[in-house]
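Colleague: Could you take me closely through the strands of one chain, how they pair with one another, and how they sit with respect to the partner chain? I would like one connected account rather than a list.

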Amino acid sequence: MNGVHDLGGMQGFGPVVPEPEGSPFHHTWEGRVHAMTVASPTRANIDAGRHERELIPPAAYLGMSYYERWFASLSSLLLKHGLVTPEEMARGAADPAAPRHTPRLPAERVEATLTARGSYVRDNPTPPLFQPGDGVRARNLNPAGHTRLPRYVRGRAGTIERLHGAHVLPDSHAHGAGEEPRPLYTVRFTARELWGEAASPRDSVALNLWEPYLERA
Amino acid sequence: MAHDHHDHDHAHGQEPPSDMALRVRALESLLVEKGLVDPAALDAIVDHYEHKVGPRNGARVVAKAWTDPAFKARLRADATEAIADLGYMGRQGEHMVAVENTPDVHNLVVCTLCSCYPWPVLGLPPVWYKSSAYRSRAVIDPRGVLKDFGTELPEEVEVRVWDSTAEVRYLVIPERPAGTEHLDEAALAALVTRDGMIGTARL
């Protein structure tokens, strides 16, 4: 979706404010939101979680802190999955008649789960269309749902730099429509192709783009 | 630890908890009551991201790459495997790529669409990495972003920006500072900064 989350190339947000190394959480509640999101049954689909944050209306999205967005998306996903009812959310207490669940992530499994080696690569018997060195163009796609094709590269020409194998396709997976693995590439675009003649002739931006996002240039 | 800010949301009895603190506490209590989350698991997750992962992990990877050419070659060929050999793996580090700064090339990592970041080697991202300012500008004005960090890159240095749009995560291998030939791996790791491994700073 052409949401406000797709920030690449926008201007007017001011300087970046550096921050010393330290705790990743600035308030205790931020750590709890992070932990609840990671432990929640809804975490099984990371793409759906990302899309839920994109669905926060633009003005609200920009006005929220990072973990306020996580809190909002966790709350709405719990409601969508029927794991919590609106009445329970409003009361802050469980319906006594509702069944009790078993936590998906018990304490004794946390360390092993967080450090487990996972992979988003899947078998896909169809050979990749492109090879390193091939010229490609990012297609001008404007899906209403989730995508990882940022607006700032759509219609722009780049070069395939690397093939990463077939990865789970977020555009499908986020909507519960299956993993639909497709070849994932690193595609490099020159800064001038993206931003015009005022950009440095040396600089470039590389993105990871799935094959359905690309056409031969 | 998150104790150096004005908005204390745990029971100190001096300031009322914030609205967000109350809402989060209410949700946690509801999820625990329904059996959807284990409160001890939440404690363990917070502890993991506060104490067990962080930029010191990545610094160890970088220092080893500086001192062990065979490791560096493996890191460049298959960063996921090479980093796993040092014991760093897991969520948001499933597919690692190491990119190396040289006198001619400077690398900068961003996630314009959300906040993708290599958790096992750098921990959770700083606030600025997740900010609209960084996510918007890193791709269109990387040299300006570097200036915000006090880093002025010569015109002749090529800037390569990496936008983390999939589950591939990047670690920048900064240039080894001059005059460090006498230092061992541990001393070198102490020189490596988080911002250096994102690419907003040079060492």
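Modeller: In this predicted model, strands β2(A) and β3(A) run antiparallel and are paired over 6 bridges, and within that pairing Arg162(A) has Thr186(A) of β3(A) as its bridge partner. On to the next strand: β3(A) is joined to β4(A) by 7 bridges, again in the antiparallel sense, with Phe189(A) bridged to Val205(A) in β4(A). Strand β3 of chain A covers residues 182–190, and because 7 of its 9 residues are buried, it is largely enclosed by the rest of the structure.

The pairing does not stop at the chain boundary. β4(A) pairs in the parallel sense with strand β3 of chain B, residues 158–163, over 4 bridges, and Ser204(A) stands opposite Arg160(B) in β3(B).

Turning to the other partner of β2(A), one finds β1(A), which pairs with β2(A) in the antiparallel sense over 3 bridges; here Arg137(A) has Ala157(A) in β2(A) as its bridge partner. β1(A) also pairs with strand β5 of chain A, residues 214–216, and this pairing is antiparallel over 3 bridges, with Arg137(A) standing opposite Glu215(A) in β5(A). Arg137(A) therefore has a partner in β2(A) as well as one in β5(A).

In a regular strand the side chains alternate between the two faces of the sheet. Along β1(A) this alternation goes together with burial: Val136(A) and Ala138(A) point to one face and are buried, whereas Gly135(A) and Arg137(A) point to the other face and are not buried.

Just ahead of this strand, the loop between α6 and β1 (135–138) of chain A contains Gly133(A). Since 8 other C-beta atoms lie within 10 Å, Gly133(A) is exposed, and, leaving aside residues up to four places away in sequence, Gly133(A) touches Thr159(A) and Ile160(A). Gly178(A) is 45 residues from Gly133(A) in sequence, and the C-alpha to C-alpha distance between the two is 31 Å.

For the wider setting in chain A, the domain assignment gives domain 1 as residues 28–114 and domain 2 as residues 135–216. The centres of these two domains of chain A, taken over C-alpha atoms, are separated by 29 Å, and the contact between them involves 6 residues of domain 1 and 4 residues of domain 2. On the domain 1 side, the residues that touch domain 2 comprise 1 nonpolar, 2 polar and 3 charged residues.

The contact between the chains takes 78 residues from chain A and 71 residues from chain B. On the side of chain A, the elements that each supply at least two residues are α1 (28–39), α2 (46–54), α4, α6 (110–114), β2 (157–167) and β4 (204–210), and α1(A) gives the most, with 10 residues. By class, this side of chain A that touches chain B has 40 nonpolar, 24 polar and 14 charged residues.

The largest nonpolar core has 103 residues, and those that touch the most other members are Met36(A), Ala39(A), Val187(A), Leu209(A), Ile45(B), Val62(B) and Leu171(B). Helix α4 of chain A, residues 66–80, gives the most to this core, with 7 residues. Met36(A), not counting residues up to four places away in sequence, touches Leu74(A) together with Leu27(B), Glu28(B), Leu31(B), Val37(B) and Leu42(B).

As for the partner, chain B has 10 helices and 4 strands, and from the N terminus on its elements follow the order α-α-α-α-α-β-β-α-α-α-β-β-α-α. The C-alpha trace of chain B spans about 55 × 35 × 35 Å along its principal axes, and 51% of its 203 residues count as buried. Among the contacts in chain B with a separation of 6 or more, 69% are made by residues 24 or more positions apart.

Methods. Residues numbered from 1 in each chain as written. Chains lettered and ligands numbered in written order. Predicted model: local features only at pLDDT ≥ 70, side-chain atom pairs only at ≥ 80, totals over all residues. Buried ≥ 20, exposed ≤ 12 C-beta atoms within 10 Å, placed from the backbone. Contact = placed C-beta atoms within 7 Å. Core = buried A, V, L, I, M, F, W, Y, C linked by C-beta atoms within 7 Å. Domains from an automatic or database assignment. Nonpolar A, V, L, I, M, F, W, Y, C, P; charged D, E, K, R; others polar. Pairing = 2+ DSSP bridges.
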